[in-house]
Amino acid sequence: MLRLELRPAPSRLWAWASPLLALAITVVLGVLLFTVMGKDPVRGLQIFFWEPIKSAYALGELGIKATPLLLIALGLAVCFRSNIWNIGAEGQYIIGAIFAGGVALTAGKDTGGWIVVAVLLAGVLGGMLWAAITALLRDRFNAGEILVSLMLVYVAVQVLNFLVFGPWKDPAGYNFPQTRTFEAVTRIPRLMQGSRVTIGAVIALVGAGLLWLYLFRTRSGFALQVGGLAPAAARYAGFSSRRALWTAFLISGGAAGLAGALEVAGPVGQLTPYIPAGYGFAAIIVAFVGRLHPLGMVLAAILMSMFYIGGELAQSRLGLPKSLTDVFQGLLLFSLMACDTLVNYRIRRSAARQGAH
């Protein structure tokens with residue numbers, strides 16, 4: 001008989017091997033899922049894991065999906081490492097997109113290229129302001145940040161709907177709920193010809209490097225992590241829990257808002273009711289699959305974006321529902337949660353009990 005035995009200390013090996021095992025389990029479950037649905041499992045896996053990387057154009061599309069996932073996950077990692085549970089990054093992403101879109105709509109034919117910087121800064125500001133609401137309620141009234149940040153997501157969705165169905169609606173848009181298309185000067189520059197990927201991908205990678213420096217090479221980053229792991233020790237060392245709260249929320253909200261700005265001023269080019277794409281929730285999985293480490297989150301963001309693209313291709317080529325993306329994300333998350341048991345426990349074989357004589 002097998003049993004779980006508590007390890008003397010968490011296993012560093014399994015801390016990184018667990019996501020790989022979880023991915024392998026997800027693939028096996030995916031094969032079973034395709035088989036049950038009457039589809040060729042080999043073709044299904046090819047759509048999810050080969051089609052998104054088979055050409056330069058496909059890699060560009062992968063970069064488009066991975067950029068917002070990585071940026072939001074980087075911000076969430078700051079919160080989670082400081083034991084602050086920001087679950088509302090989706091709302092901060094939406095408000096960032098709204099602020100960026102508002103600036104982009106002011107551009108005219110004679111507007112200079114500086115407007116791109118203004119659009120991105122507006123997105124960062126919008127995300128920070130929306131996250132600050134949760135930080136304020138937690139700071140002043142000790143409100144639970146999980147519930148508050150989550151509920152603010154639905155408020156953000158309604159703000160977006162109000163604008164695109166109301167004052168910002170394109171009068172020449174045939175009554176569709178959308179703003180007019182942004183002027184070309186406001187659009188985020190692309191990295192290369194023939195691809196839709198923008199400089200946002202570079203910004204996300206630079207952000208990963210900056211986060212590594214912040215977490216592991218600065219006093220402020222160290223204070224955040226100590227506060228999350230050992231609040232009593234942090235107070236004894238003189239680290240401010242209030243400062244950590246505000247710092248974590250503002251960084252997280254700013255990153256999510258920047259992701260929203262890059263999305264609406266990049267591949268989308270206008271505000272529509274479909275801006276909420278679930279990136280803020282999927283980024284939570286990215287953060288934990290990546291072990292809250294910048295390099296791990298880069299790899300996890302690429303994997304998660306493959307699930308997004310694979311789900312879209314499975315819908316068009318195999319006739320499967322687009323919700324298959326959510327199924328794969330859920331399988332990965334639950335597999336990871338199960339495999340994480342091995343970080344703190346080892347499997348042992350129990351000796352067979354001898355019967356009483």
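These legends walk through several close-up views of a predicted model.

**View 1. Two salt bridges reach out from helix α3.** Let's start with a simple idea: side chains of opposite charge can pair when their charged atoms come close. Here Glu-61 pairs with Arg-196, and the closest N and O atoms are 2.7 Å apart. Glu-61 sits in helix α3 (residues 56-81), while Arg-196 belongs to the loop between α6 and α7, 135 residues apart from its partner. Glu-61 is buried at 17% relative accessible area, whereas Arg-196, at 30%, is partly exposed. Now look for Lys-65, whose side chain meets that of Glu-312 in a salt bridge (3.1 Å, N to O). Lys-65 is also in helix α3 and Glu-312 is in helix α12 (residues 294-317), so this pair ties together parts that are 247 residues apart in sequence. Lys-65 counts as buried, with 16% relative accessibility, and Glu-312 is partly exposed at 29%.

**View 2. Glu-145 and Arg-138 form a salt bridge.** The closest N and O atoms of this pair are 2.8 Å apart. Is Glu-145 buried or exposed? Glu-145 counts as buried because its relative accessibility is 9%, under the cut-off of 20%. Arg-138 is partly exposed, with a value of 26%. Elsewhere, Arg-3, Glu-5, Arg-346 and Arg-348 are joined into one network by salt bridges that share partners. If you enjoy hunting for such pairs, the whole structure holds 13 salt bridges.

**View 3. Helices α11 and α13 cross each other.** Helix α11 spans residues 279-289 and helix α13 spans residues 324-339. Their axes come within 11 Å and cross at roughly 35°, and the crossing is left-handed. Which residues of α11 make the contact? They are Ala-282, Ile-285, Phe-288 and Val-289. On the α13 side, the contact is made by Gln-329, Leu-332, Leu-333 and Leu-336.

**View 4. Ser-252 is a buried residue of helix α10.** This helix runs over residues 241-268. Ser-252 has a relative accessible area of 1%, which means that it counts as buried. What does Ser-252 touch, leaving aside residues up to four places away in sequence? The answer is Gly-75, Leu-76, Cys-79, Asn-86 and Gln-92.

**View 5. A nonpolar patch lies on the surface.** Seven names are worth finding here: Leu-191, Met-192, Val-202, Val-206, Leu-210, Trp-212 and Leu-213 form this patch. Together they have about 610 Å² of accessible area. Take Leu-191 as an example: this residue lies in the loop between α6 (145-165) and α7 (200-217). Leu-191 is partly exposed, with a relative accessible area of 39%.

**View 6. Asn-175 and Arg-291 have positive phi angles.** As background, most residues other than glycine have a negative phi. Asn-175 is not a glycine, yet its phi is positive, at about 70°. You will find Asn-175 in the loop between α6 and α7, where this residue is exposed with a relative accessible area of 59%. Arg-291 is not a glycine either, and its positive phi is about 60°. Look for Arg-291 in the loop between α11 and α12. With a relative accessibility of 18%, Arg-291 counts as buried.

How values were computed. Residues numbered from 1 in each chain as written. Predicted model: local features only at pLDDT ≥ 70, side-chain atom pairs only at ≥ 80, totals over all residues. Heavy atoms only, no water. Patch = residues over 30% accessible without salt bridge, like charges linked within 9 Å, V, L, I, M, F, W, Y side chains within 5 Å. Areas by Shrake-Rupley, 256 points an atom, 1.4 Å probe, with all protein chains shown as cover. Salt bridge = Lys/Arg side-chain N within 4 Å of Asp/Glu carboxyl O. Helix = DSSP H or I, 4+ residues; strand = E, 2+ residues; numbered from the N terminus. Buried < 20%, exposed > 50% of the residue type's maximum accessible area, 1.4 Å probe, protein only. Axes fitted to C-alpha atoms, helices over the stretch in contact; angles between N-to-C directions. Left-handed = near helix turned anticlockwise from the far one by under 90°. Contact = heavy atoms within 4.5 Å.
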